[in-house]
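Visitor: I'd like a quick tour of the charged pairs and the nonpolar packing in this one. Could you put the structure up?

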Amino acid sequence: MAQVHVLDHPLIQHKLSLIRDEETGSKDFRELVEEVAMLMAYEVTRDFPLEEIEVKTPVATTKTKVIAGRKVGLVPILRAGLGMVDGMLKLIPTAKVGHIGLYRDPETLKPVEYYCKLPTDIEERELIVIDPMLATGGSASAAITFLKERGVRNIKLMCLIAAPEGIEAVRSAHNDVEIFVAAVDEKLNYHGYIVPGLGDAGDRLFGTK
C-alpha cells in the first residue's frame, strides 16, 4: 500500500492549531492555510531528483545542484483546494495549475465531475492533488481516477487533515498514490465531518455558510 506521511514539523503543527480554532476569522484562516501548504510543499517535493550544473559565483566557479527538469502540476479540488495553491506556488512558481470540480450525486451518492481544466501536457507532469480535508475519501479518489483516465501516472495527494476512513478509501482505490497530511484525526461523524477537524474548510476560507 502507498505510504501515508504525517508531517509533524513544529511550525506546521502550531499553525494547524490556529487553523482549527473556531475563533480564527476568514482572513487569518486563509493566510494560515497558505502558510501551512507552503511548509508542507517542502516535504512533498523531497524526492525530486537533482542534477549537477556549473555556476560562476563572484569568487569562483563551482559545481552545484538544481532540480532535474521535473515538470510539476498542482490540481486543487474545488473549492477548498484553492486555498492551498498560492502557498505552494511560492515554492514551485513554474508549476502549472489545473482544477477539478466535483459534486455528490444525490441518488447514487457517487462523485460527479462538473468541471475539469488541466494543462495540455498533464500526462508528462508529476501532479500534486490538493484539498484541505480528506474525509470520506470519495472526492479525492474520484479526482485521482479522473486524472489517471487522462493519462497521468505520477500523482501525490496533499491534505491538511485526514480521517482514517478517508485514508483507507484512497489507499484501497489508489495504492500507488502517496498521501501527505499534517494530522490524522479521530474519525468521521454521522454528517461525514472530520472529528475534531476544523469545520467546513471552504466556508471558513471564503466566509460563506
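Guide: Sure, and keep in mind that this is a predicted model. Let's begin with a glutamate: E31 has a relative accessible area of 36%, so it is partly exposed.

Visitor: Which residue does E31 form a salt bridge with?
Guide: Stay in helix α2, where the partner lies four residues away, about one turn of the helix. That partner is exposed, with a relative accessible area of 52%. The closest N and O atoms are 2.9 Å apart, and the residue is K27.

Visitor: How many residues apart are K15 and E35?
Guide: Their side chains meet in a salt bridge, 2.8 Å from N to O. This pair links distant parts of the chain, with K15 in helix α1 (residues 10-20) and E35 in helix α2 (residues 26-44). The separation in sequence is 20 residues.

Visitor: Is D121 buried or exposed?
Guide: D121 forms a salt bridge with K71, with the closest N and O atoms 3.6 Å apart. K71 sits at 36% relative accessibility, so that lysine is partly exposed. The cut-off for buried is under 20% relative accessible area. D121 comes in at 11%, so it counts as buried.

Visitor: Which residues are linked with K71 and D121 in a network of salt bridges?
Guide: K71 is in the loop between β3 (61-67) and β4 (72-78), while D121 is in the loop between β7 (111-117) and β8 (126-130). Those two belong to a network of salt bridges, and the other members are E124 and R125.

Visitor: How many salt bridges does a search of the whole structure find?
Guide: The ones we've gone through include K15 with E35 and K27 with E31. Searching the whole structure gives a total of 14.

Visitor: On to the packing: which element gives the largest share of the largest nonpolar core?
Guide: That core has 38 residues, and I19, M40, M88, I128, M158 and L160 touch the most other members. Elements giving two or more residues include α1, β4, α3 (82-91) and β10 (155-162). The largest share is nine residues, and it comes from α2.

Visitor: Which methionines is I128 in contact with, leaving aside its neighbours within four places in sequence?
Guide: I128 is among the residues that touch the most other members of that core. Its contacts beyond those neighbours include V44, V72, L74 and V75. The methionines on that list are M88 and M158.

Key:
Residues are numbered from 1 along each chain as its sequence is written. This is a predicted model: local features need pLDDT of at least 70, side-chain atom pairs count only at pLDDT 80 or more; totals for chains, interfaces and linings use all residues. Side-chain values use heavy atoms; hydrogens and water are left out. A salt bridge is a side-chain nitrogen of Lys or Arg within 4 Å of a carboxyl oxygen of Asp or Glu. Buried means under 20% relative accessible area, exposed over 50%, partly exposed in between (1.4 Å probe, protein chains only). A nonpolar core is a set of buried Ala, Val, Leu, Ile, Met, Phe, Trp, Tyr and Cys residues joined through side-chain atoms within 4.5 Å. Contact means heavy atoms within 4.5 Å.
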